[in-house]
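Reader: I have a model open on my screen and would like to understand the labels people attach to its residues. Could you walk me through a few?

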Amino acid sequence: MKISIIKIIILITIFLNFFPTISFAEKRTYNIGILLEEINTEVEPLLEKLKKEIKTVVGEDANIEFPAELQIQTKNDFQKVRESYIKLVSEADLIIAFGVYNSTMVNQQVDHVKPTIVVDRFTSKVSGIDKENKTSGKHNLTYVVFSNSFEKDFDQFKKIYDFKNVGIVVEKPLLEILDFNSMFSDVLSNADSSFKIIPYENSE
């Protein structure tokens with residue numbers, strides 16, 4: 001997480017340099033909006049650490065605010081993501097989107113009116129984000145991609161148990177827009193194994 005925080009801070013600093021300033025002596029206030037799939041006991045301390053470090057580094061040149069009403073949980077609901085993104089575009093100066101639901105929906109937008117940073121762990125075959133590219137190729141959109149660990153996970157599992165067929169459980173809404181078959185075909189291509197995608201409905 002440390003490397004990703006550093007990347008996010010660098011990207012925010014670059015984005016803020018493009019905003020017009022009122023004067024050299026006066027700091028401008030920037031409201032940062034955040035899209036999260038869920039805030040829980042695991043996510044909350046990491047989020048607070050991110051906000052603290054952003055304020056510490058960028059705060060020398062600008063007043064950075066994280067308004068509570070612009071910190072939105074989308075609860076793995078694509079409609080909620082759409083509505084929340086529209087709200088942030090109208091009220092925030094910069095947007096950070098975390099998670100596969102949020103990053104996928106944001107990446108699919110044609111226009112990005114506000115500078116947006118997408119933080120995800122999936123490659124282009126799933127969410128449309130290609131970690132091999134240096135830029136997104138879209139105005140006002142950039143991303144921080146975690147290293148995809150599925151290959152390592154399957155390799156470790158294979159050493160424990162030499163499976164020939166594996167079932168992979170995925171939420172049904174994700175299967176409707178994301179190409180998991182291609183991703184897992186690549187991951188398991190050298191494992192001499194087959195797989196089956198098992199859709200499930202989120203009960204919440």
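Reader: Why is asparagine 76 called partly exposed?

Author: Its relative accessibility is 23%. Buried means under 20% relative accessible area, exposed over 50%, and partly exposed in between (1.4 Å probe, protein chains only), so asparagine 76 counts as partly exposed. This is a predicted model, where local features need pLDDT of at least 70 and side-chain atom pairs pLDDT 80 or more, while totals for chains, interfaces and linings use all residues. Residues are numbered from 1 along each chain as its sequence is written, and side-chain values use heavy atoms, leaving out hydrogens and water.

Reader: And what makes glutamate 37 buried?

Author: Glutamate 37 has 19% relative accessibility, so it counts as buried. Among the residues that it touches (heavy atoms within 4.5 Å) are Asn76, Phe98 and Val100.

Reader: What is the distance from the backbone nitrogen of valine 100 to a polar atom of the side chain of glutamate 37?

Author: That distance is 2.9 Å.

Reader: How do you know that helix H4 is largely enclosed by the rest of the structure?

Author: Eight of the eight residues of H4 (residues 100-107) are buried, so the helix is largely enclosed. Val100, Tyr101 and Asn102 are among these buried residues, and glutamate 37 touches those three as well.

Reader: What is the phi of asparagine 140, and why is this residue called buried?

Author: Phi of asparagine 140 is near 70°, a positive value in a residue other than glycine. Most residues other than glycine have a negative phi. With a relative accessible area of 16%, asparagine 140 is buried. Asparagine 76 also has a positive phi, of about 55°.

Notes: Helices (H or I, at least four residues) and strands (E, at least two) are DSSP runs, numbered from the N terminus. A polar contact is a pair of N or O atoms within 3.5 Å; within protein, one must be able to donate a hydrogen and the other to accept it, and residues adjacent in sequence count only if both atoms are side-chain atoms. Lists of a residue's contacts leave out its neighbours within four places in sequence.
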